[in-house]
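Please read the following with the sequence and the 3D model side by side. The text starts with enclosed spaces and then turns to the surface.

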Amino acid sequence: MERWLPIATPAVLTAMLLTGLMLPLYSDEVGWRLQERAGLDGVDKLYSVQCGLNTLAVPPWFMMPVRWYSALFNSAWPTPFAVRLSGVTYALVWTVMLLALIRRLTADGQRRGQLTTLACGLMGLGLMPWLMVWSRPEQPIILSATAALLIATGPARGDGPRLWAPVAILMLGIVALSYHFKALILIPLFLAAMILASPQRRAWPVPGLCVVALVSAATVSAHYWFARFACPGDPVQAAEHASQSLGLSMLAHHGGAPGWMMAPLRLIANYQMPVYVAQAAPDITPMSNWLLPHLVSKATQIGWTIALNLLWLVGFVLMAWALVAALWQRRLDRSMLLAGVTLACASAWCMSQIVRNIYEASFILPLLALSFVLALSGPLSPKLARALGRVAPTTGLALPISALAILGLYGPSLAATTGQAGYLPGQTYSVGLGPYSALRQTILQAAAACSITPERHPARLLIDDVTYFTFMDTPLPDHKTAVLDPRWSGVLTDPLAYLRRRGSSGVVVGCAALPASLRQKAHAVGGICCISPDQWEKPTPAAARNGSQPTP
């Protein structure tokens, strides 16, 4: 079993990642492309601009290479399947990097097999492989962090200092900072990797300058991200943003000195790693129906949650055991130091979050897996080594059982939607990966009914997850979620008044996204609706009935 499990476990994980090619595209995967468009528009924005002008933000210069890369890739392949393919590819790359890190950390074949079985087994349990293929900012951030760990744990080349190593880690840190403010929580990891990658004292000027450069970039990035996601123009959305983070909530409602004195206790009480593990369990009603709902019972969901948490908890205990033993013996080598820093970064994010959406698992659980590998790669006590020898095979054997069960639960529904394009029945926030060319022609025909054509150079269109790929090149589009959905539109109550103020060229969205009052104004072709600006002067039926003025 020790011979074939280290081979079978990565193979099963890889197979599950590849089945992610059947997974519909989730709305957030489109939304993040909409929000980081400086390579196309010169500025980044949010789903809409009612938060204020800070949402039309020029990124710092060092973020622009990432924006140019995104613009090039997304413009060259503007289809939902291309987005999913990129997500699966990045997940496979991370898996290869994880295996390379394990190989680099230990020369002991038995230990290497145990770590491979444990890490790949945990990352393949439940729905985790399909969360890993979501094409969101977590992917490049985790890839950058793992690459930094690979560099930091690598052997020195020859007798000279590894002057290239801190520079490479600096570049990786900047890439991570360019994608999302979550990268700020990993700055200690990049700094530790940078310092440990260049242990030679005579080479201190290069890593020293790189440390200063990364801290400076992180400071600029923090100002950029926090200012961009602030919402001075919409108090409703500002309150919603603050409610997502315990740190922001405490800043807004610190309650004086007693409140600050209780802050550490609140953070400790909010340390709930099992919540992230539970996100990988099948759910009766998955978030926004990213998978078809009501395919499992409550008992099944509870059973999965308990089983996954037990397996992850055992891995966590082994890691903690190894870290405490290393501290007690004062044996803090590179691997142990990096394990502690990686765990601290994951813990800091965990303690700061109030709302833990399902995609957060794809940020926290890979960091935990990396911590496990780093902490358990060094010398272990006989008891700990025996415990690892039992836990790793158990996890490895659980993986194929989990994979078969997940495919049995969700495989038929995914297979049924294979080849379909556009929104899927019962999955309002999911887009099928079928051929997009025919749907693109339908979208263009519908838009032409409102005189919205590429030749007329439309701008500031209101689009959705389906029509975005057709009108990706139009300047500064807005997403229907922040304009039409009452849960996310904040103080915006009249979408047409908002678009008129924006000087928009019109609306091109799926007809199902429009409220009845706007659908009456729309032209429809094949389930795609458009509204032209000449319809905006006419008040909507609700506005006419209430005698209200449009509110931007």
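**Cavities and a surface patch**

Three cavities of 30 Å³ or more are found in the structure, which is a predicted model. The largest cavity holds about 130 Å³ of space. Helix H5 (80-105), helix H8 (138-152) and helix H18 (361-375) are the elements that each give two or more residues to its lining. Of these, H8 gives the most, with four residues. The full lining of the largest cavity is Tyr90, Ala91, Trp94, Met132, Glu138, Gln139, Ile142, Leu143, Ser362 and Pro366. By residue class, this lining has seven nonpolar members, two polar and one charged.

The second largest cavity has a volume of about 60 Å³. Around this cavity lie Arg33, Glu36, Arg37, Leu40, Arg67, Ser70, Ala71, Asn74, Tyr468 and Met472. Helix H4 (residues 64-76) supplies the largest share of the lining of the second largest cavity, four residues. Here the division is four nonpolar, two polar and four charged residues.

Now turn to the outside of the model. Ile302, Ile306, Leu310, Leu313 and Val317 make a nonpolar surface patch of about 450 Å². One of these residues, Leu313, sits in helix H16 (residues 298-328). Why can Leu313 be called partly exposed? Its relative accessible area is 47%, and partly exposed covers the range between the buried limit, under 20%, and the exposed limit, over 50%. Leu313 can also belong to the patch because its 47% meets the requirement of over 30% relative accessible area for patch residues.

Key:
Residues are numbered from 1 along each chain as its sequence is written. This is a predicted model: local features need pLDDT of at least 70, side-chain atom pairs count only at pLDDT 80 or more; totals for chains, interfaces and linings use all residues. Side-chain values use heavy atoms; hydrogens and water are left out. Patches are made of residues with over 30% relative accessible area and no salt bridge: like charges are joined within 9 Å, nonpolar side chains (Val, Leu, Ile, Met, Phe, Trp, Tyr) within 5 Å. Accessible areas come from the Shrake-Rupley method with a 1.4 Å probe; for residues, only the protein chains shown count as cover. A salt bridge is a side-chain nitrogen of Lys or Arg within 4 Å of a carboxyl oxygen of Asp or Glu. Buried means under 20% relative accessible area, exposed over 50%, partly exposed in between (1.4 Å probe, protein chains only). On a 1 Å grid over the protein atoms alone, a cavity is a set of points where a 1.4 Å probe fits but cannot get out, and a pocket is an open set with protein on both sides within 12 Å along at least five of seven lines; lining residues have an atom within 4 Å of a point. Grid points are joined across faces, edges and corners, and a volume is the space filled by probe spheres set on the points. Ala, Val, Leu, Ile, Met, Phe, Trp, Tyr, Cys and Pro count as nonpolar, Asp, Glu, Lys and Arg as charged, and the others, Gly among them, as polar.
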